Amino acid sequence: ERERERERERERERETLLSSANLVFLVEMAAQEVASQPSDTLTTLKTESETLKTKLEEERAKLHDVELHQVAEKIEALGQFVMKTRRTLKGHGNKVLCMDWCKDKRRIVSSSQDGKVIVWDAFTTNKEHAVTMPCTWVMACAYAPSGCAVACGGLDNKCSVYPLSLDKNENLAAKKKSVAMHTNYLSACCFTNSDMQILTSSGDGTCALWDVESGQMLQSFHGHAADVLCLDLAPSETGNTFVSGGCDKKACVWDMRTGQCIQSFETHESDINSVRYYPSGDAFASGSDDATCRLYDLRADREVAIYSKESIIFGTSSVDFSLSGRLLFGGYNDYTINVWDVLKGTRVSILFGHENRVSTLRVSPDGTAFSYARLLVNWSGSHSVITPL
C-alpha cells in the first residue's frame with residue numbers, strides 16, 4: 001500500500017510538471033503572437049496608408065487640367081514700382097525674431113533674441129512699452145484684436161499675455177498672465193477674432209487653442225511629425241480654421257472646433273518656415289528652406305503655383321500677401337525681399353541692401369505698407385523697417 005501511495009504521488013507530480021510545462025509553452029506562444037501582431041498590423045496599416053495616399057494624388061491629378069499662370073496669360077502684367085524705406089525702428093539689442101501689426105494700423109509689437117518685447121508707434125518711431133522676458137529668444141509675439149494686449153513667448157515654453165494701458169510708465173511685467181504651457185519652445189502665437197482666445201504652436205509638434213482668462217486648453221491639434229514652426233488664422237471673422245507648417249515639410253489645415261486636420265499638403269522639400277492665408281481665405285501661401293514659396297488652393301485641394309528662380313538658392317523665412325492678394329512678399333536668407341506676381345508666377349521686384357537675413361515681414365492691416373525685421377550680427381541694435389507699398 002505504501003508503494004502504491006508513492007506511485008500515485010509520483011504520477012501526480014508528473015501530471016503537475018506536464019501541466020506546468022504546457023502552461024509555460026502556451027504563455028510563450030501567446031507572447032510570440034502578441035509580439036508579432038503589432039509588427040504585422042503596423043506593416044499592413046502603412047501599406048494601406050501609402051495606397052490611400054497614391055489614390056488621393058491620382059484623384060488630385062485628374063483635376064489638374066491647367067496651370068495658374070496659363071489662366072492668367074490674358075491678365076495685364078504689373079508695371080514696375082518702387083518701394084522706399086520710410087521708418088526705421090531701432091532699439092533691440094539683438095536679432096528681431098517676430099513682429100505683428102495692431103488693428104489700428106499704427107502700432108507694431110516686436111520680439112527679439114535680446115529677451116525684450118517692444119511696442120512701437122510706427123509713425124513717430126517712439127517706443128510706447130517695453131517688457132523684459134525671463135528668457136532670451138522671444139520667438140513669437142502677437143497683438144490682440146482690440147489693441148489692448150500683446151502676447152509673446154519663446155524658449156520659456158510659455159505664452160504670456162500683457163495688458164496694455166495709456167500709462168507708458170506702468171510696469172507691464174506685474175500684470176503678466178501666463179496662458180499657455182507647452183513641453184517645448186513656443187514658435188508662434190495668434191489671437192483668434194477675440195481677445196479671449198489664443199492659438200499657439202510649439203517645438204513639441206503640437207498646436208493648441210487656449211482660453212486667455214482661465215489659462216485652460218480648449219483644444220489641442222496633433223498631426224505634425226516634428227516641430228511646428230508657424231501658423232495663421234483664416235481671415236474670415238466667422239472662420240474656424242487655421243493653417244500650420246513645420247519641420248516635417250507638411251502644411252496642415254485644422255478645424256478649431258473638432259481639433260481635426262481637414263487638409264494637408266506635402267510638396268515642400270524642406271522645413272516650412274511661414275504660412276499665410278490669401279485675403280479671401282480660399283488659399284494660402286507657404287515659404288520654405290527649399291528656396292520656394294508655394295500657393296495652395298483649398299477648394300482644389302492641391303498646390304497651384306510655385307514661386308522660385310534658379311538664381312534663388314537660399315530659404316524663405318517669411319511670406320505675406322498684399323491687401324488685394326495680387327502680390328506675394330517673401331523674405332529670404334540671402335538678405336533680400338522678393339515680390340512675386342501671384343497670378344503670373346513672376347518676380348516683379350526685389351529689395352536689396354540688408355545686412356543680414358530677413359527674419360519676418362508683415363503687411364499692415366490697410367495694405368499701405370509692410371514692415372520687416374532685419375537681423376544684424378553686430379550689437380549696434382536690430383531694426384524693424386517700414387516700407388510703403
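Here is a short chat about aromatic pairs and a nonpolar core in this predicted model.

Me: What makes the pair of Phe 265 and Phe 284 edge-to-face?
Reply: Their ring centres lie 5.7 Å apart with 65 degrees between the planes. Pairing asks for centres within 6.5 Å, and an angle over 60 degrees counts as edge-to-face, so both conditions are satisfied.

Me: Where do these two residues sit in the chain?
Reply: Phe 265 belongs to strand β17 and Phe 284 to strand β19, 19 residues apart. Both Phe 265 and Phe 284 are buried.

Me: Why is the pair of Tyr 278 and Phe 321 called edge-to-face?
Reply: Here the centres are 5.2 Å apart and the planes make 80 degrees. With cut-offs of within 6.5 Å and over 60 degrees, the name therefore fits. This pair joins the loop between β18 and β19 to strand β22, across 43 residues.

Me: Why does Tyr 278 count as partly exposed?
Reply: Its relative accessibility is 22%. Buried would need a value under 20% and exposed one over 50%, so Tyr 278 falls in between.

Me: And is Phe 321 buried or exposed?
Reply: Phe 321 has 4% relative accessibility, which is under 20%, so Phe 321 is buried.

Me: Which residues have the most contacts inside the largest nonpolar core?
Reply: That core has 16 residues, and Ala 151, Cys 159, Val 161, Cys 189, Phe 191 and Ile 198 have the most contacts inside it. Strand β10 gives the most to this core, with three residues. Cys 159 also has a list of sequence-distant neighbours, including Ala 151, Leu 186, Cys 189 and Ile 198.

Terms used
Residues are numbered from 1 along each chain as its sequence is written. This is a predicted model: local features need pLDDT of at least 70, side-chain atom pairs count only at pLDDT 80 or more; totals for chains, interfaces and linings use all residues. Side-chain values use heavy atoms; hydrogens and water are left out. Rings of Phe, Tyr and Trp (its six-membered ring) pair if their centres lie within 6.5 Å; planes under 30 degrees apart count as stacked, over 60 as edge-to-face and the rest as tilted. Helices (H or I, at least four residues) and strands (E, at least two) are DSSP runs, numbered from the N terminus. Buried means under 20% relative accessible area, exposed over 50%, partly exposed in between (1.4 Å probe, protein chains only). A nonpolar core is a set of buried Ala, Val, Leu, Ile, Met, Phe, Trp, Tyr and Cys residues joined through side-chain atoms within 4.5 Å. Contact means heavy atoms within 4.5 Å. Lists of a residue's contacts leave out its neighbours within four places in sequence.
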